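User: Please take me through the overall fold and the cysteines. Keep it brief.

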There are 2 protein chains.
Amino acid sequence: MKKLKFAVLGAGNGGQSISAYLTLKGYDVKLYDKYDEVVAPLIEKGNIELRGVSLNGNAVISVITTDISKAVEDTDIILVTVPSNAHSFIANELAPVLKDGQVIVLCPGSTGGALEFKKILNYKNCSADYKLAETTSLFYACRAKEGVANISGVKNILPIASLPSSDVDYIINLLDDVYPQLVKEENVIASSLNNLNAILHPIAVLLSTSWIEATGGNFKFYYDSITPSVGKLIERMDAERMSIGKALNVHVKSAADSLKTYYSATGDSIYDMVRTVKAYEPISAPPSLNSRLLFEDIPMGLVPMVELAKLVSVNVPTMNLIIDLASQVLEKDFREEGRSLERLGISNMNIDELNKYVSNNFECTQGGK
Amino acid sequence: MKKLKFAVLGAGNGGQSISAYLTLKGYDVKLYDKYDEVVAPLIEKGNIELRGVSLNGNAVISVITTDISKAVEDTDIILVTVPSNAHSFIANELAPVLKDGQVIVLCPGSTGGALEFKKILNYKNCSADYKLAETTSLFYACRAKEGVANISGVKNILPIASLPSSDVDYIINLLDDVYPQLVKEENVIASSLNNLNAILHPIAVLLSTSWIEATGGNFKFYYDSITPSVGKLIERMDAERMSIGKALNVHVKSAADSLKTYYSATGDSIYDMVRTVKAYEPISAPPSLNSRLLFEDIPMGLVPMVELAKLVSVNVPTMNLIIDLASQVLEKDFREEGRSLERLGISNMNIDELNKYVSNNFECTQGGK
């Protein structure tokens with residue numbers, strides 16, 4: 001098998017860290033970002049210094065570009081590392097340049113990433129024989145700034161689902177050398193509902209509004225802001241998420257079980273458990289409410305969860321409350337700008353049709369290469 | 001005119017301060033509290049020491065008792081200084097012992113205090129020829145503990161409304177020697193809507209949930225917790241309150257105008273203005289969410305405001321949001337336990353009937369003495 005070639009789309013924390021890691025592993029990587037001001041300093045520096053708990057060294061990325069067609073040309077795997085709000089932009093840009101056999105992985109998909117991506121590719125009449133998958137989180141806890149990337153933690157287990165779900169084994173196998181921690185998720189409904197950020201972040205931020213604004217976020221995010229009452233509200237919302245999963249016949253891991261599995265957390269409540277997660281200890285609150293913890297995790301997380309709940313008539317009062325609270329506090333209609341069933345391409349489906357849609361392949365994505 | 005005799009019902013901060021003040025002014029005062037553990041130390045001490053910006057001295061209260069009939073016997077004015085959650089209890093206890101000519105003043109009424117009080121007195125077939133009024137706030141900023149009361153501020157202007165509204169001049173005149181700051185409020189709908197606590201407190205507390213629980217309220221309440229986003233949400237809710245007032249044909253003062261009038265605040269936004277209110281500077285956040293700032297100001301403030309909004313079909317999404325948020329965070333059905341139109345005795349009225357009800361006297365409250 002010839003050595004895989006990668007495109008990494010999005011040169012933020014995740015994109016820089018992943019590009020550097022893959023390059024140091026000996027793979028050819030082309031790194032794309034939409035913004036000149038992100039790409040220019042990386043080109044000027046000439047390499048990405050990777051530090052931390054994964055590989056260490058100076059990675060010379062083969063191509064760094066703002067031209068997406070150049071970035072994905074002659075690559076096997078396209079890792080999409082932009083915030084999920086930008087998935088639709090990337091899908092629109094990719095549609096005309098995708099080639100047969102390319103594998104797209106959204107890292108992560110948030111909630112409904114793969115569904116939205118496929119909807120757009122179909123809408124744009126993309127005829128390539130691609131494969132599409134999404135993870136439920138990023139591979140790393142990492143930070144990067146202008147060519148210096150630091151990986152402070154690597155997830156031991158990272159679920160991935162493909163659309164259709166039948167492609168997932170092929171993709172896991174393909175990525176095994178670089179990301180052996182990938183494990184199969186049932187389908188993209190399961191991976192969408194297993195977006196824990198949507199459950200943990202918005203409540204913790206919104207109920208810390210005054211603290212964030214009065215201090216510029218000068219406190220620990222998970223440790224300080226998830227107090228007993230905040231933890232209980234998170235548990236209520238998490239129970240709603242579990243109910244949606246049950247109604248949609250997919251296995252959803254509770255927040256408590258996720259914290260135990262991924263972070264070896266201990267304790268009886270979310271409040272207790274969060275405090276046993278070492279990886280959360282150094283994470284500070286955002287300096288303002290203008291944060292992905294709200295602007296990504298609500299429209300690309302809670303909103304599509306509420307939409308899925310509608311599809312199966314499950315009541316989700318806490319999710320609705322938090323979307324409304326965020327919309328009023330931030331004076332922004334998150335329902336309007338979020339991922340609706342329509343945007344996910346599943347607005348006229350019943351449960352059976354949805355399950356078929358995520359399992360089977362109706363269009364052109366039959367084979368690999 | 002013979003010297004007035006007072007009953008003060010409720011021996012908390014307000015009740016102790018008022019009793020001591022009136023006693024030092026030379027009036028006969030009987031002080032009641034429901035709880036032995038509140039009354040006992042006051043009786044043992046033998047006096048209330050009054051300090052601060054009003055009168056100073058040791059006030060020997062003529063009667064301190066847990067027997068409400070003893071407290072109100074042979075008095076002219078009954079000042080009700082319990083939290084408004086306890087107004088219904090006091091009304092039920094007073095119904096059989098009220099005498100012709102007695103004047104009841106709820107200090108303050110929160111939202112709907114006088115309406116609820118009258119509903120209960122009617123329901124209990126009280127036949128006394130009483131008068132009933134409510135202020136929009138307490139006379140003082142004060143604190144008291146076991147017989148030592150400190151008045152840190154005296155309101156220069158304090159609106160009062162009577163039910164029916166025609167009694168208010170008589171009551172203001174009666175109290176002129178002790179409380180010359182009382183000014184006439186149109187009716188109890190106006191005084192009910194001019195409950196600023198309901199607008200300022202719940203939002204500021206709820207959006208400080210994590211800060212309160214993480215630090216035990218170790219920050220300034222108004223100054224620190226009313227940040228720009230919190231202030232803007234308060235302004236949204238305040239606009240809803242103004243809309244209810246407009247629909248009900250009563251004059252309601254905006255929060256901004258109230259801060260200017262009562263506290264000489266300056267600035268263009270609630271956020272700016274709050275920081276110019278000297279009286280707010282020393283006030284700390286509550287040590288936990290178990291606070292009157294939620295447990296009184298929501299069921300006795302926001303809930304009846306939303307009920308009044310229903311009566312005139314005014315949309316109040318921010319009020320509803322905050323009630324729902326509090327209900328979920330505190331796991332308590334505040335709508336269920338709050339003042340409904342039914343509890344206020346106005347559930348089957350249209351606007352005209354309500355205006356007549358608060359202006360005129362349908363039952364037994366025709367004359368004074």
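**Fold, surface and cysteines**

Analyst: This is a predicted model. Among contacts in chain A between residues at least 6 apart in sequence, those joining residues at least 24 apart make up 73%.

User: How many helices and strands are in chain A?
Analyst: Both kinds of element occur in chain A. The count is 19 helices and twelve strands.

User: Which radius of gyration does chain A have, and why does it agree with a compact globule?
Analyst: The C-alpha trace spans about 55 × 45 × 35 Å along its principal axes. For 369 residues, a compact globule would have a radius of gyration near 21 Å. Chain A agrees with that, because its value is 20 Å.

User: What share of the exposed area of chain A do carbon and sulfur atoms supply?
Analyst: Of the 369 residues, 59% are buried. Chain A still exposes about 14,200 Å². The carbon and sulfur share of that area is 48%.

User: How far apart are the centres of the positive and negative side chains in chain A?
Analyst: The positive set has 35 side chains and the negative set has 43. The distance between their centres is 3 Å.

User: How many disulfides does the structure hold?
Analyst: A disulfide needs two cysteine sulfur atoms within 2.5 Å. Over all chains, the number is zero. Cys107(A), for one, has its nearest cysteine sulfur 11 Å away, in Cys142(A).

User: Is Cys107(A) buried or exposed?
Analyst: Buried means under 20% relative accessible area. Cys126(A) meets that with 8%. Cys107(A) has 2%, so it counts as buried.

Note on methods:
Residues are numbered from 1 along each chain as its sequence is written. Chains are lettered from A and ligands numbered from 1 in the order in which they are written. This is a predicted model: local features need pLDDT of at least 70, side-chain atom pairs count only at pLDDT 80 or more; totals for chains, interfaces and linings use all residues. Side-chain values use heavy atoms; hydrogens and water are left out. Helices (H or I, at least four residues) and strands (E, at least two) are DSSP runs, numbered from the N terminus. The radius of gyration is taken over C-alpha atoms; the globule rule is 2.2 Å times the number of residues to the power 0.38. Buried means under 20% relative accessible area, exposed over 50%, partly exposed in between (1.4 Å probe, protein chains only). Contact means heavy atoms within 4.5 Å. Accessible areas come from the Shrake-Rupley method with a 1.4 Å probe; for residues, only the protein chains shown count as cover. Lys and Arg count as positive and Asp and Glu as negative; His and the chain ends are not counted. The place of a charge is taken as NZ of Lys, CZ of Arg, CG of Asp or CD of Glu.
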